[in-house]
Amino acid sequence: MPGANTEPECHTEMASASGAEPGAEDAAETAEEIYDDVMPCDKMELSQRLAVEELITTEASYVHNIQLCVSDIRAHLQKKQLPDLDLEGLFSNTDDILHVSKRFLKGLEATATQEDEQLLCISALFQEFKEEMESVYKIYCASYEHALLLVESYRKDPRLQEEILETLNATVPHTGASDLSFFLVMPVQRVTKYPLLLGKILENTPPSASAYPALQAAVRAMAQVNANINEYKRRREVATKYNRAEHLTLRDRLARLNTHSIAKKTTRLSRLFMHEAGIVAKTEDREYDDLEEKFQCVVSSVAMLKDNVASYLGHLEAFLLSAPHKRDLQIDEGPAQQYCHLAEHLHCTVFPEFKRRLDRLVCQPLCSLSDMLVGPQQLVKKRLDKLLDYEEIQERKSETGSVTYDEEAAMNTYLAINALLVAELPKFNQVALQLLGQILCSLSALQRDLAAQVLHRAEKELEQLPHGHVPLPSFWKMVDDTLQQSSTQLRSFCQTFETVTPSPVTQPLNPAEERKVLSLVSKHGPDKLYQVTSNISGSKDLDLTLQRGQIVALLQSVDTKGNTSRWLVDAGGPRGFVPASKLQPYCPVQSQQPGMQLPAPESSTERRRHSYAVPEAPRPQVATFSPAFQVVAGFSFTARSPREVSLQAGQPVVVLEPHDKKGSKEWSLVEVNGQRGYVPSSYLVTVPVQEPMGWSLPV
């Protein structure tokens, strides 16, 4: 890890560099002999020159080894196409490091010609490259631990280890490397060695030299680069720990519960309630709040677009289910046939291709973007939890003046998560918005292509129609005239239809309908009976589904909300609401005698038109009968005094007075078989008179 054990890493780096260049030890011994022979006043200058040479030569050796790692080792492994080998995880952003290091080496070598200004040029070069070095090395160092885990796992796989050793022996046999970690550690060692190499040059530079302040600044800059890399690595470790979306079962969640976790969650919840109630002030961070607001906006936009695209695909699927070109229209030519050709082309070619492109260019990228949002969402949620802990610890610290080691670690965790989100959310929001914009552009382009394809095909089919070459204004005028003519014919037909007297065709009631009508009359009376004029399909709660011609009894002429267009009726069992417009008062019609014909309308405007001629013949008039009802005993009754009279169920009676002498309607004065007396009014029912031909139902 950068900043840790730098001295051993330097030794390892030097050892690897000397291993790569066999003449380095002899050159060092020669340098020591020259160093011992010079005067003390010149030793500092000589040491300075040797330190500069070490910086340049080790940089060249380092760039050479990284070049071998990228162009030879990785390329050789890529050719093997081993499915279990994660080359991206192993080598990370080595290409970026090589690109920066090559340019940096070129600048170092160019300073050799500057002589007295060389130290100033070296210091300026480090200042120039410090940001680029930090950006590439922090990514590599953050993923270095993962690369080592991969190397360790490959050692346990004899087949992979054999392939890796074969690659090393074939590409870099002079290094004697036994695994990839020999090369993977070099960038980590190199970035930690820059402050040491600069410090060695600084030690051998007189404080009075003009380059001394510049060297000091370069040393501080590279030390800060290593510190920033360490901090970035720590933040990444915290993020990796908390941004994993865990899919735990109820058993797993219960197993995690303990006294400490319950107390921590309770403290957080109480703190959150105090925030909402205004008892304690929230920790405000406007910069983070703005970033989180933008991030949540991106999240909601992606989710909404994902739902809309899924709904759009669902509608497209439903549209493609209908295939008019597969229906037999029994029309061999003309506009209908052209329409079938167009529909076949759209359903079999255009729309399936559009759906495939939509899935590839919109749906899949949108799902990938949605998956990318899960990690940051987890981190934002965890940041709130850690903020509540941080506020609680800060409050305790202000009271006691100290915190425990665990509390200090918890505070550092919050600071690390917050710093990481503040640093990374702007980049993430920008990238997410770019991806979202590209997805929307793809969706718009697909829609334009679809419209162009449909229009092109429709124009091609339209050219073959009779009016395909008619100018557009003339065509629309022709369409308008045709619609007006059809509308006039339709209105005329409706007026004629409404003025024609419907024929009094009757339909005899079956025994079940007769019993239901008798029951409704006995319960509600004949004036409450209505007949359904057309089929009713219930679409709401408490609505009834009835067939045309059914008899119902009216209970209420309004619904529960006071709407007079829905009536509550009794259908002879079920009760519910029906449209009032589909009910008409029920009037029993007496069936006609055999051989009698219907009377024809006298007015010529009321004569029904037929497609066939009927010879004129005398038509006898049919007598019409008004509805007839009678009172019968609904139940048997035995007289208990001389003023009462006995009844049998179904026995016809004549009601003389519907009340007794005191005016009470509970008793009625009736006449039965010549005898008069009182009977309970509730024992009497009013029913239609039953004719020998049975009940008739008008249709």
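Student: Which side chain does R74 meet in a salt bridge?
Tutor: In this predicted model, the side chain of R74 meets that of D95 in a salt bridge, with a nitrogen-to-oxygen distance of 2.9 Å.

Student: And which helices do those two sit in?
Tutor: R74 belongs to helix α3, which covers residues 40-80, while D95 belongs to helix α5, covering residues 94-110, so the pair ties together parts that lie 21 residues apart in sequence.

Student: Is R74 buried or exposed?
Tutor: R74 is buried, because its relative accessible area is 14%, which falls under the 20% cut-off for that class. Its partner D95 is partly exposed, with a relative accessible area of 37%.

Student: What does R396 pair with, then?
Tutor: R396 forms a salt bridge with E407, and the closest N and O atoms of the two are 2.6 Å apart. Here R396 lies in helix α16 and E407 in helix α17, the latter running over residues 405-462, so this salt bridge ties together parts that are eleven residues apart in sequence.

Student: How accessible is each of them, R396 first and then E407?
Tutor: R396 is partly exposed at 33% relative accessible area, whereas E407, at 18% relative accessibility, counts as buried.

Student: What about R676, which residue is on the other side of its salt bridge?
Tutor: That residue is E671, and the two side chains meet with 3.8 Å between N and O, which still meets the definition because the limit is set at 4 Å. R676 is exposed, with a relative accessible area of 59%, and E671 is partly exposed, with 28%.

Student: How many salt bridges turn up in the whole structure?
Tutor: A search of the whole structure finds 21 salt bridges. There is also a network of salt bridges, which links K80, E163 and E166.

Student: Why would such side chains pair at all?
Tutor: In general terms, side chains of opposite charge can pair when their charged atoms come close.

Student: Switching topic, which residues gather in the patch of positive charge on the surface?
Tutor: The patch of positive charge on the surface is a gathering of four lysines, namely K241, K264, K265 and K381.

Student: Where is K381 placed, and is it buried or exposed?
Tutor: K381 is placed in helix α16, which spans residues 374-400, and K381 counts as exposed because its relative accessibility is 57%, over the 50% cut-off for exposed residues. Helix α16 is also where R396 lies, the partner of E407 in helix α17.

Notes: Residues are numbered from 1 along each chain as its sequence is written. This is a predicted model: local features need pLDDT of at least 70, side-chain atom pairs count only at pLDDT 80 or more; totals for chains, interfaces and linings use all residues. Side-chain values use heavy atoms; hydrogens and water are left out. Patches are made of residues with over 30% relative accessible area and no salt bridge: like charges are joined within 9 Å, nonpolar side chains (Val, Leu, Ile, Met, Phe, Trp, Tyr) within 5 Å. Accessible areas come from the Shrake-Rupley method with a 1.4 Å probe; for residues, only the protein chains shown count as cover. Lys and Arg count as positive and Asp and Glu as negative; His and the chain ends are not counted. The place of a charge is taken as NZ of Lys, CZ of Arg, CG of Asp or CD of Glu. Helices (H or I, at least four residues) and strands (E, at least two) are DSSP runs, numbered from the N terminus. Buried means under 20% relative accessible area, exposed over 50%, partly exposed in between (1.4 Å probe, protein chains only).
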